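Biologist: I would like to go through the terms used for this model and check each against its cut-off. Shall we start with the ligand site?

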Amino acid sequence: YFIYDIYILFMKYLFSFLLYMAGMVVTAQTVIRSGELWPDDRGQHINAHGGGILCHDGRYYWFGEHKSDNTSAALVGITCYSSDNLSDWHYEGVALPVTDVPGDDLERGCTMERPKVVYNAETGKFVMWLHLELKGKGYSAARYAVAVADRPAGPYRYLRSGRVNAGIKPLDMEGDMAALDTLDAWKDDEWWTPQWRKAVKDGLFMRRDFADGQMARDQTVFVDVDGRAYHIYSSEENLTLQIAELTADYTAHSGRYIRVAPGGQNEAPAVFRHGDTYWLITSGCTGWAPNKARLFSAPSIWGPWRQHPNPCRGKDADITFGGQGTFVLPVGNTYIFMADIWRPKRPSDARYVWLPVTFEHEMPVINWHDEWTLDLETVGKE
Ligand code: DGJ
């Protein structure tokens with residue numbers, strides 16, 4: 001009987017231990033189902049498109065574009081949600097609202113896209129960068145906008161908007177201004193001819209916008225391990241990406257910038273660093289319709305950037321699973337590729353694609369999963 005008692009006792013302990021472990025697993029695991037409705041803590045589908053995520057003091061803050069049912073124009077502003085497990089999202093509110101001041105940069109009806117927030121350890125401020133288009137002006141303004149806050153969820157104080165690095169030549173531009181001036185001849189030429197393409201690669205639109213500053217549309221911000229931050233944006237009529245270093249407080253451009261994939265027509269940049277390699281995932285330019293993702297790598301943020309095949313694999317890999325990239329979130333020792341499935345007929349119904357980035361032969365690979373589990377206990381936070 002003694003042995004039997006010990007056996008029962010042991011089984012009791014084992015059972016409670018297993019229950020405890022199961023509980024831990026349940027709380028630590030985040031199940032991600034791309035393309036479905038993702039309710040927040042109010043039961044409403046998360047409205048934070050073209051977004052990015054900041055991890056601060058162990059909590060994740062998701063910033064994105066608030067979309068309405070009938071228009072993609074900004075009627076509300078940039079929203080913020082927070083979570084400690086990337087699954088249960090608390091609505092924090094509007095971090096950077098539109099205004100009702102006629103002629104104001106952020107006047108209701110303007111376009112506010114692809115916001116990204118970074119934390120500056122020196123100033124203790126949170127800095128938001130976004131793509132801004134002025135009300136009633138379509139996509140012609142092609143400006144960056146910047147705002148700061150004392151707390152991650154805001155409120156953000158709007159600083160200014162503008163074009164990038166007026167009067168400054170990119171670091172990687174060979175030839176003097178006189179040589180660039182010869183490109184001007186192609187400025188009003190018919191687009192897409194071989195001569196025009198060559199002129200674009202050589203800096204035709206960089207030269208055209210030299211005095212007033214470079215165009216900035218689809219964008220992201222990347223902070224390197226040494227604390228330097230970079231603004232990466234579609235420039236030069238969406239034909240060429242640029243990477244511009246930010247000042248030490250992250251609120252302005254330092255004047256140092258390069259051109260990436262000149263004439264390559266890249267949008268939706270998302271940057272991450274794995275070991276000593278910088279990776280850049282972009283899309284082509286097809287409006288709200290999905291297209292094939294592109295992948296680039298470089299040994300330094302300043303390049304040289306080299307293009308690789310599409311990192312997506314499997315069904316619908318050639319249309320990025322119906323989405324367009326927006327951000328790559330490092331979580332512990334793993335990475336999440338975040339994309340948007342746009343719904344231009346009902347913009348607020350746009351969906352999210354979050355997929356793990358794995359490595360094969362040292363190259364990032366993105367596979368579709370109807371459902372996958374992120375185990376925060378295993379991968380670690382931040
Ligand atoms: C594609 C961009 O990636 C989006 O952010 C948005 O600007 C649309 N174009 C507008 O057509």
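Biologist: What makes you say that the ligand sits in the second largest pocket?

Modeller: More than half of its atoms lie within 2 Å of the grid points of the second largest pocket. A pocket is an open set of points on a 1 Å grid over the protein atoms alone, where a 1.4 Å probe fits, with protein on both sides within 12 Å along at least five of seven lines. This is a predicted model, where local features need pLDDT of at least 70 and side-chain atom pairs 80 or more, while totals for chains, interfaces and linings use all residues. Residues are numbered from 1 along each chain, and side-chain values use heavy atoms, without hydrogens and water.

Biologist: Which residues surround the ligand?

Modeller: With a heavy atom within 4 Å as the criterion, they are Glu113, Arg114, Tyr139, Asp218, Glu267, Gly287, Trp288 and Gln324.

Biologist: Why is the pair between the ligand and aspartate 218 called a polar contact?

Modeller: The limit is 3.5 Å between N or O atoms, and a ligand oxygen is 2.4 Å from such an atom in the aspartate 218 side chain, so the pair qualifies. For glutamate 113 the distance is 2.7 Å, and for arginine 114 it is 2.9 Å.

Biologist: How do you know that cysteine 312 has no bond to cysteine 285?

Modeller: A disulfide needs two cysteine sulfur atoms within 2.5 Å. The sulfur of cysteine 285 is the closest to that of cysteine 312, but at 17 Å it is too far for a bond.

Biologist: Why is cysteine 312 called buried?

Modeller: Its relative accessibility is 5%, and buried means under 20% (1.4 Å probe, protein chains only). Cysteine 110, at 0%, is also buried.

How values were computed: Polar contact = N/O pair within 3.5 Å; in protein donor to acceptor, adjacent residues only side chain to side chain. 1 Å grid on protein atoms, 1.4 Å probe; cavity = no way out; pocket = protein on both sides within 12 Å on 5 of 7 lines; lining within 4 Å. Buried < 20%, exposed > 50% of the residue type's maximum accessible area, 1.4 Å probe, protein only.
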